[in-house]
Amino acid sequence: MLTPMARCWLCQQSLYDSHHGICSHCLRHLPQPPVCCPRCGLPAANRVLPCGRCLQHPPAWHRLLLVGDYQPPFNQLIWHFKLQGKTELAPALARLLLLCWLERRRQMALTRPDDLPRPDMLLTVPLHRWRHWRRGFNQSDLLARHLAHWVGCAYHPDVLARTRNTAQQRTLPAAARRRNLKGAFECRMALDGKRVALLDDVVTTGSTVEEISRTLLAAGAAQVQIWCLCRTL
């Protein structure tokens, strides 16, 4: 008898490789995001050069990698994973990010080979200890443990810490989100010259990853990449 882990999370057909989580048919038919700016990850004229927004007001990070827009089936998978505690989804979601990173590097191999270099270190957006206790896990941490192994980079789950328990970002408008996060993170390691990939499940206004990126750059990071499953577009 097949277990749930032996079936595709989307179509429920049996899987040849159960740890993949999503079958090759569903993988080929996942919705693709529109052409997005390689820096901010928002819709733009092309996927190679920074958009006009980034030329005038660049974000603190240098590159943003996303699997897709926050729409079905991605939002449903994340809801089951993050809010319903279906932690067995972690390998399948991490694999989506890995395939996205490999494809982006393949596309840039001839024209911009240094556009998205292999990071030296993978870090995750931290939860405050009380929120971590209530949820029981940090969803980004579960993704990172698979990704760091597959990408071949270091992963330090305790380098970033949230110093205070902020209000839920999704309940606040954009300006309040920025104020809410000011000084809310600290980096506990010198990052002199390191290329860092910061992993989050969903990036909305970018306020959280912006604040953390500034923290990482202040600690000496040479480059900050943002890796996310979804970017709200």
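## Exercises on a parallel sheet and its helices

In this predicted model, five strands make up an open sheet, ordered β1-β7-β6-β2-β3, with parallel pairing. The edge strands are β1 (63-69) and β3 (154-155), each of which pairs on one side only.

**Exercise 1.** Work out which strands β6 is joined to, and by how many bridges.

*Solution.* Begin with strand β2 (residues 121-124), which is joined to β6 by four bridges, the two strands running parallel. Within this pairing, Met 121 stands opposite Val 196 in β6. Turn next to strand β7 (residues 223-231), to which β6 is joined by eight bridges, again in a parallel arrangement. Here Ala 197 has Gln 225 in β7 as its bridge partner. Following β7 onward leads to β1, since β1 and β7 pair in the parallel sense over six bridges, and Arg 63 is found opposite Gln 225 in β7.

**Exercise 2.** Decide whether strand β6 is largely enclosed by the rest of the structure, and give the reason.

*Solution.* Take residues 195-203, the nine residues of β6, and count those that are buried, the cut-off being under 20% relative accessible area. Eight of the nine are buried, so β6 is largely enclosed by the rest of the structure.

**Exercise 3.** Describe how helix α6 is placed relative to the strands and to helix α4.

*Solution.* First consider the strands: α6 lies across β2, β3, β6 and β7, and runs at about 140° to β6. Then consider the helix pair, in which the axes of α4 (residues 90-108) and α6 (residues 139-151) come within 9 Å and cross at roughly 45°. That angle makes α4 oblique to α6, and α4 passes α6 in a right-handed crossing. Finally, look at the residues that meet: on the α4 side they include Leu 97, Leu 98 and Trp 101, while those in α6 include Leu 143, His 146 and Trp 150. Sorted by class, the contact of α4 with α6 has 12 nonpolar residues, one polar and one charged.

**Exercise 4.** Locate Ala 184 and state whether this residue is buried or exposed.

*Solution.* Along the chain, Ala 184 belongs to the loop between α7 (174-181) and β5 (185-187). The relative accessible area of Ala 184 is 0%, and this residue is therefore buried. As a last step, relate the residue to another part of the chain: the C-alpha atoms of Ala 184 and Leu 110 are separated by 40 Å, the two residues being 74 residues apart along the chain.

Conventions. Residues are numbered from 1 along each chain as its sequence is written. This is a predicted model: local features need pLDDT of at least 70, side-chain atom pairs count only at pLDDT 80 or more; totals for chains, interfaces and linings use all residues. Side-chain values use heavy atoms; hydrogens and water are left out. Axes are lines fitted to C-alpha atoms, for helices over the stretch in contact, and angles run from 0 to 180 degrees between N-to-C directions. Angles under 35 degrees count as roughly parallel, over 145 as roughly antiparallel, 65 to 115 as roughly perpendicular and the rest as oblique. A crossing is left-handed if the near helix is turned anticlockwise from the far one by less than a right angle, and right-handed if clockwise. Contact means heavy atoms within 4.5 Å. Ala, Val, Leu, Ile, Met, Phe, Trp, Tyr, Cys and Pro count as nonpolar, Asp, Glu, Lys and Arg as charged, and the others, Gly among them, as polar. Buried means under 20% relative accessible area, exposed over 50%, partly exposed in between (1.4 Å probe, protein chains only). Two strands pair if DSSP finds at least two bridges between them.
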